[in-house]
Number of protein chains: 2
Amino acid sequence: MTRTGTGTRRGATRQRLYEAAITLIAEQGFSSTTVEQIAERAGVAKGTVYYNFGSKTELFEELLRHGARPFTAELARAARAEFARGGSAAAALDAMARAGLAFVAAQPDLTRLFVAELWRPNRTWHSALAELRGHAAGVVEEVLERGVADGEFDASVDVGLAAGALLGTVVAGALDWQTFHPGRPIDEVHAALCPLLRGRLAGGGGP
Amino acid sequence: MTRTGTGTRRGATRQRLYEAAITLIAEQGFSSTTVEQIAERAGVAKGTVYYNFGSKTELFEELLRHGARPFTAELARAARAEFARGGSAAAALDAMARAGLAFVAAQPDLTRLFVAELWRPNRTWHSALAELRGHAAGVVEEVLERGVADGEFDASVDVGLAAGALLGTVVAGALDWQTFHPGRPIDEVHAALCPLLRGRLAGGGGP
DNA sequence: GTCTATATATAGATAGAC
DNA sequence: GTCTATCTATATATAGAC
């Protein structure tokens, strides 16, 4: 128990700092958010932040990693569960979309902060973000490849581009929902998104 | 010629400041970007910025309006042109997607800065951004409604949610392209996106 | 491990010369 | 209309007490 897990004392303080930072940075952006604000919201002094993290930037980078891992894990879990019950690759995409929507609904601030930085090169944490995006995209790619191999999807599908687009569709759709259509139930949003993922927007189409 | 158009002397200075601010804010974010940096890149002194704009925030808000108007205009123009040549609503969506991709490819920095702020409430310029998003979404909604009226799209489509999702798909897809698959030609990206807009991802589906 | 100072730098904004 | 000089506030980060 010497590692910095959530069980240790140090882990608890770090967890509170993560949660405080997520909310503040999501609302104000990284640079507008001061270390003092983060410390105050977490109920500790500023010096404690610098004891636990080397700098403001380092806190943010570790926060990104800490928050992104569960997202990718949820997507993978959803796909695995769908395949386990004998579902198709298209059904797996639906399940992943639902899992993605649920994650964003549960952690809208974390997602906002992520998206605000994801497509910006030239920032110190961009390589870390690119890697995290790559993991999530990789999960989607596997499902697409399986669908192509099973003859379920067209072989001409560009897996790399499509995975990024699908991921973008779910995340952007989820944030648009949370920001401009709050209160709408997840089922309605999922229903609006599925045609985009499965090909049923055009009436009469679809498998 | 007393208005602040691009033809006037004042308009020229403001235009240079816009362009400088777009690049810098896209890379660094609003708060990390200093007025001094913007002035330097535009080739003027800091005082000149404050003569032309009341504050840093005001410069940014006017920049958002200034940059978003052409985007919505391009989407509307693409849809109009497609309908004018007798195209379907689905074809209009394709044309809008292409117009959107082309706009983002031409102005990636502007789009980055836009997306980074779009889904954040609690910022002073959020109402301005929401309004601009509403205009663009409105253009998409009109096309969807026309498609439903013509029996081309399913009547159960939730126009409001779908418009936001479609817009998000194009913008997110375009930024993902610019950031993680640069060099790919626009045709390939458009081809990867169209199945999501028209319903052809699933093999054998589609109208 | 956490807190209370404090050092140092740099931001936004303004006043007044030209 | 643009520039230079400057005021004032506030940020990051550190040192040392507890």
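# Reading a protein–DNA model

User: How far is a phosphate oxygen of DNA strand C from an N or O atom in the side chain of A:Thr48?

Analyst: The two atoms are 2.5 Å apart: one is a phosphate oxygen of DNA strand C, the other an N or O atom in the side chain of A:Thr48. A polar contact is a pair of N or O atoms within 3.5 Å; within protein, one must be able to donate a hydrogen and the other to accept it, and residues adjacent in sequence count only if both atoms are side-chain atoms. Before we go on, please note that this is a predicted model, in which local features need pLDDT of at least 70, side-chain atom pairs count only at pLDDT 80 or more, and totals for chains, interfaces and linings use all residues. Residues are numbered from 1 along each chain as its sequence is written, chains are lettered from A and ligands numbered from 1 in the order in which they are written, and side-chain values use heavy atoms, with hydrogens and water left out.

User: What else lies 3.0 Å from a phosphate oxygen of DNA strand C?

Analyst: Chain B supplies two examples. A polar backbone atom of B:Val35 is 3.0 Å from a phosphate oxygen of DNA strand C, and an N or O atom in the side chain of B:Tyr50 is also 3.0 Å from a phosphate oxygen of that strand.

User: Which residues surround DNA strand C most closely?

Analyst: A residue is near a strand if one of its heavy atoms lies within 4 Å of it. For DNA strand C there are 13 such residues, and A:Ala45, A:Thr48, B:Lys46, B:Tyr50 and B:Lys56 are the closest. Sugar or phosphate holds 76% of the strand C atoms within 4 Å of the protein, and bases hold the rest.

User: What kinds of residue make up that surface?

Analyst: Sort them by class: Ala, Val, Leu, Ile, Met, Phe, Trp, Tyr, Cys and Pro count as nonpolar, Asp, Glu, Lys and Arg as charged, and the others, Gly among them, as polar. The surface near DNA strand C then has five nonpolar, six polar and two charged residues. Helix 3 of chain A gives the most to this surface, with three residues.

User: How do I read DNA strand D, and which residues are closest to it?

Analyst: Use the same approach. DNA strand D is surrounded by 13 residues, with A:Lys46, A:Tyr50, A:Lys56, B:Ala45 and B:Thr48 the closest. Of the strand D atoms that come within 4 Å of the protein, sugar and phosphate account for 73%. A backbone N or O atom of A:Val35 lies 3.1 Å from a phosphate oxygen of DNA strand D, while a polar side-chain atom of A:Lys56 lies 3.0 Å from one. B:Tyr51 places a polar side-chain atom 3.5 Å from a sugar or linking oxygen of the strand. Two elements give two or more residues to the surface near DNA strand D: helix 3 (46-52) of chain A and helix 3 (46-52) of chain B. Helix 3 of chain B gives the most, with three residues.

User: How many helices and strands does chain A have?

Analyst: Helices (H or I, at least four residues) and strands (E, at least two) are DSSP runs, numbered from the N terminus. Chain A has nine helices and zero strands, and its C-alpha trace spans about 60 × 40 × 35 Å along its principal axes.

User: Where does UniProt place the "DNA-binding region" of chain A?

Analyst: UniProt positions are given in the numbering used here, feature names are shortened, and annotations may be inferred rather than shown by experiment. The unreviewed entry places the "DNA-binding region" at residues 34-53 of chain A; that span is 75% helix and 0% strand, with its end C-alpha atoms 14 Å apart. The entry also puts "domain: HTH tetR-type" at residues 11-71 of chain A.

User: Which residue forms a salt bridge with A:Lys46?

Analyst: A salt bridge is a side-chain nitrogen of Lys or Arg within 4 Å of a carboxyl oxygen of Asp or Glu. A:Lys46 pairs with A:Glu36, and their closest N and O atoms are 3.7 Å apart. A:Lys46 is in helix 3 of chain A and A:Glu36 in helix 2 (residues 35-42) of chain A, so the pair ties together parts that are 10 residues apart in sequence.

User: How many salt bridges are there between chain B and chain A?

Analyst: There are four between chain B and chain A. In one of them, the side chains of A:Asp176 and B:Arg133 meet at 2.4 Å, N to O. Helix 8 of chain B gives the most to the side of chain B that touches chain A, with 12 residues.
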